[in-house]
Amino acid sequence: PAGTTTYIVTATNADGCDATASFEVTVIEEVNFTINADPNPLFLGQSKEVSVSPVLDGYTYEWSPSGDIDDPFSPNVIITPSAEGEEQIDVTITSPEGCVTVVSFNCVVTNLPCQEDNIHVPNMFTPNGDGMNDMFEVYTNVDAEIRLYVFDRWGEMVFDSGTQNIEGWDGVYEGTELTPDVYGYCVAVTCPDGEDFTKTGNITLMK
């Protein structure tokens, strides 16, 4: 049972002389630790909170591998996977007495589905050189080939990411900064399986 017990050892030699020694043995009640890791699997680019239960005073925690973990020495961490696949995550829990327990789970990471609602396009940008929101860009964690086209209100193309070798538009056309206005965009997406689709809308250029 859990608790501390004192043991006494008495030794007697051939001449009848006695010697006594004592020592203590502390038995710690076993703790069954679990990891809460929902959702699992998750999509590449997403984050999730993972926690150990129960959380006990005086215990230390160390997660590994730690590359995608915000604080590997906390009982509650946020994991943001950087690659697709399956990886075993371990947490080493050490009691104040030095007893060590290791619990694990398999973190499964998949790519986001290649579909329109996972392609995110802003509706406004401000290319004024202040370093904030200066570029019109498409945001996504989808594994796909993406090409961005921008048109003025008369239908003239003013930007094509495929020919200019940049991912975003800075509001410049043929070396001239364009005036504030509403421009049309078309995002052409080619999925890994070869399927194509487009997403269209308007972007407001403000200064």
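## Two cis prolines

Let's start at a proline: Pro-65 sits in the loop between E6 and strand E7 (76-79). The peptide bond leading into Pro-65 from Ser-64 is cis, with omega near -10°. This is a predicted model, so treat the angles here as computed values.

A second cis bond joins Ser-53 to Pro-54, and its omega is near -5°. Pro-54 belongs to the loop between strand E5 (48-53) and strand E6 (60-64).

## Overall form

In terms of secondary structure, you will find 16 strands and one helix in the chain. How does the radius of gyration of the chain stand against that of a compact globule of 207 residues? The chain has 31 Å, where such a globule would have a value near 17 Å. The box filled by the C-alpha atoms tells you about the dimensions: along the principal axes it is roughly 115 × 40 × 25 Å.

Among the contacts with a separation of 6 or more, 49% are between residues 24 or more positions apart. As for burial, 30% of the 207 residues count as buried. The chain has an accessible surface of about 12700 Å², and carbon and sulfur atoms contribute 48% of that.

## Charges

If you plan to look at electrostatics, here is the tally: 35 side chains are negative and 5 are positive. The centres of these two sets are 21 Å apart. Three salt bridges occur in the structure, and each is described below.

## The salt bridges

Which residue does Arg-147 meet in a salt bridge? The partner is Asp-160, with an N to O distance of 2.7 Å. Arg-147 is in strand E11 (residues 145-151) and Asp-160 is in strand E12 (residues 157-160), so this bridge ties together parts that are 13 residues apart in sequence. The two ends have their own surroundings: Asp-160 is buried, at 7% relative accessible area, while Arg-147 is partly exposed at 31%.

Another salt bridge pairs Arg-153 with Asp-181, whose closest N and O atoms are 2.5 Å apart. Here the loop between E11 and E12, which holds Arg-153, is linked to strand E15 (residues 181-190), which holds Asp-181; the two residues are 28 positions apart. Arg-153 counts as exposed because its relative accessibility is 52%, and the cut-off for that label is over 50%.

Glu-177 and Lys-207 form a salt bridge too, with 3.5 Å between the closest N and O atoms. Glu-177 lies in strand E14 (residues 176-177) and Lys-207 in the segment after strand E16 (196-205), so distant parts of the chain, 30 residues apart, are linked. Is Glu-177 buried or exposed? Glu-177 is exposed, at 57% relative accessibility, whereas Lys-207 is partly exposed at 47%.

## Positive phi angles

Two residues deserve a look in your backbone plot. Asn-133 is not a glycine, yet its phi is positive, at about 60°. You can find Asn-133 in the loop between strand E10 (124-125) and E11, where its relative accessibility of 37% makes it partly exposed.

Glu-174 also has a positive phi, near 50°, without being a glycine. Its place is the loop between strand E13 (172-173) and E14. With 68% relative accessibility, Glu-174 counts as exposed.

Conventions
Residues numbered from 1 in each chain as written. Predicted model: local features only at pLDDT ≥ 70, side-chain atom pairs only at ≥ 80, totals over all residues. Heavy atoms only, no water. Helix = DSSP H or I, 4+ residues; strand = E, 2+ residues; numbered from the N terminus. Rg over C-alpha atoms; globule rule 2.2 N^0.38 Å. Buried < 20%, exposed > 50% of the residue type's maximum accessible area, 1.4 Å probe, protein only. Contact = heavy atoms within 4.5 Å. Areas by Shrake-Rupley, 256 points an atom, 1.4 Å probe, with all protein chains shown as cover. Lys, Arg positive; Asp, Glu negative; His and termini not counted. Charge placed at Lys NZ, Arg CZ, Asp CG, Glu CD. Salt bridge = Lys/Arg side-chain N within 4 Å of Asp/Glu carboxyl O.
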